Amino acid sequence: MNTQTVTSYLYTYAWQTNEQELCHLEMRAMFGFDVASNILLASKKIEPSRSPFIRSRLDVLYEAEKVKDIALFAQQLVLGAGTFKVVCLNKFDLGDIQKIQQHERHQVEREIGLCIQAEADLVKPDIVFGLVWHNNRWYFGNYVEGEAIWLKHQQKPEMYSTALSTRVARAVANIAIPNPLGIRAIDPCCGIGTVLVEALSMNMDIVGRDINPLVAKGSRTNIAHFGLQGEVLMGDIAQITGSYDVAIIDLPYNLFTHISVDSQFTIIKSARRIAKRVVLVTIETIDNMVNEAGFEIIDRCVVKKGTFERQVLVCE
């Protein structure tokens, strides 16, 4: 079994052009900084399946300028009876580094693999080692591939045409709750539960609420459909008496509903009362309303879908 110490974590990313700002906002929330490229090196460990944009994580065990030095390190690995394989992650462009051609990748993989004192298994190995060329260095370590869990949540029993996509909802949950331990969250205008499903699937402590009893029931149905457990109450946000660390609000749109500007402002003021931090999703510019409610917008982004735009505002 490999007992080497992890020195850092290297993440590979993929995003659609219209969601690049959202991806970077999620990076800033989770890591405290963002990068323009699709590769991020950090000291913080995040499960890659949490983010809809993280493709993989490399738990870095060693780094060097030359492959032969990585090979020398690989000789020291102790896997016991376990099987392994080595994969080079440079099969697509990473930052300013163009992808490495297949025959070159395989050559490097073989060179490292021949030095590991264990049985290779290219089909179903016990452990996968990754190797990546980045910042003029080779990084080597345990490879963890992300799973697009949000994709499984796209087909719900109850659907709204105006609901957030599961991809956006998952990112918004991460932006609101980057470090879930000990954080109590609420989605007080939860609709059919798109954000709730994503948050609950990441073991976040979140409750839902909606003023419409039929919608609240639909949210419960969707949560149960995916084998999750979560509380969804019926009632107006103004009736909430408890307090939470963070609230996530996909603000009802007067373009699609009968809600007035005054009602939107009431929701934001109520959010200020019940939560220390709020992440708002809106199709309109509401900066003045947010500021008047006593919030400061500390970060933001725009998410586009064709000509339709949503703003994501992080408020404290």
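In this predicted model, the lining of the second largest pocket draws at least two residues from each of three elements, namely helix α5 (166–176), strand β13 (297–305) and strand β14 (308–315). Among the contributors to this lining, β13 gives the most, with 3 residues. The volume of the second largest pocket is about 340 Å³, and of the 16 residues that line the pocket, those closest to its centre are Ala163, Ser165, Val168, Lys305 and Arg310. By residue class, the lining is made up of 6 nonpolar, 5 polar and 5 charged residues.

Helix α5, one of the elements that supply this lining, is mostly covered, and 11 of its 11 residues are buried. The buried residues of α5 include Val168, which is also listed among the residues closest to the centre of the second largest pocket. Arg167 and Arg170 likewise belong to the buried residues of this helix, as do Thr166 and Asn174. The side chain of Arg170 meets that of Glu198 in a salt bridge, with a distance of 2.8 Å from N to O. This pair links distant parts of the chain, since Glu198 is placed in helix α6 (residues 194–201) and Arg170 in helix α5, 28 residues apart. Both partners, Glu198 and Arg170, are buried.

The strands β1 to β7 form an open sheet of 7 strands, in the order β2-β1-β3-β7-β6-β4-β5 and with mixed pairing. At the edges of this sheet stand β2 and β5 (119–120), each of which pairs on one side only. Strand β3 (residues 54–64) is mostly covered, with 8 of its 11 residues buried. On one side, β3 pairs with strand β1 (residues 8–13) in the antiparallel sense over 6 bridges, and within this pairing Thr12 stands opposite Ser56 of β3. Strand β7 (residues 137–145) also runs antiparallel to β3, to which it is joined by 8 bridges. In β7, Tyr143 is the bridge partner of Leu58, while Phe140, also in β7, is the bridge partner of Tyr62. In a regular strand, the side chains alternate between the two faces of the sheet.

Charged side chains of β3 also take part in salt bridges, of which the model holds 13 by the rule applied. One of them joins Glu47 to Arg57, with the closest N and O atoms 3.5 Å apart. This pair links distant parts of the chain, with Glu47 in the loop between β2 (39–42) and β3 and Arg57 in strand β3, 10 residues apart. The two partners fall into separate accessibility classes: Glu47 has a relative accessible area of 43% and is therefore partly exposed, whereas Arg57, at 3% relative accessibility, counts as buried because this value is under the 20% cut-off. Arg57 forms a further salt bridge with Asp59, in which the closest N and O atoms are 2.5 Å apart, and both Arg57 and Asp59 are buried. Elsewhere, Arg28, Asp34 and Asp299 are linked in a network of salt bridges.

Two other buried positions, one in a strand and one in a helix, were examined through their contacts. Val232 lies in strand β10 (residues 232–234) and has a relative accessible area of 5%, so that this residue is classed as buried. When residues up to four places away in sequence are not counted, Val232 touches Cys190, Leu196, Gly208, Arg209, Ala216, Ser219, Arg220 and Ile223. The C-alpha atoms of Val232 and Gly193 are separated by 8.8 Å, although these residues lie 39 residues apart along the chain. Ser270, for its part, is placed in helix α8 (residues 261–274), and with a relative accessible area of 7% this serine is also buried. Under the same exclusion of residues up to four places away in sequence, Ser270 touches Ile237 and Ala238.

Technical notes
Residues are numbered from 1 along each chain as its sequence is written. This is a predicted model: local features need pLDDT of at least 70, side-chain atom pairs count only at pLDDT 80 or more; totals for chains, interfaces and linings use all residues. Side-chain values use heavy atoms; hydrogens and water are left out. On a 1 Å grid over the protein atoms alone, a cavity is a set of points where a 1.4 Å probe fits but cannot get out, and a pocket is an open set with protein on both sides within 12 Å along at least five of seven lines; lining residues have an atom within 4 Å of a point. Grid points are joined across faces, edges and corners, and a volume is the space filled by probe spheres set on the points. Helices (H or I, at least four residues) and strands (E, at least two) are DSSP runs, numbered from the N terminus. Ala, Val, Leu, Ile, Met, Phe, Trp, Tyr, Cys and Pro count as nonpolar, Asp, Glu, Lys and Arg as charged, and the others, Gly among them, as polar. Buried means under 20% relative accessible area, exposed over 50%, partly exposed in between (1.4 Å probe, protein chains only). Contact means heavy atoms within 4.5 Å. Two strands pair if DSSP finds at least two bridges between them. A salt bridge is a side-chain nitrogen of Lys or Arg within 4 Å of a carboxyl oxygen of Asp or Glu.
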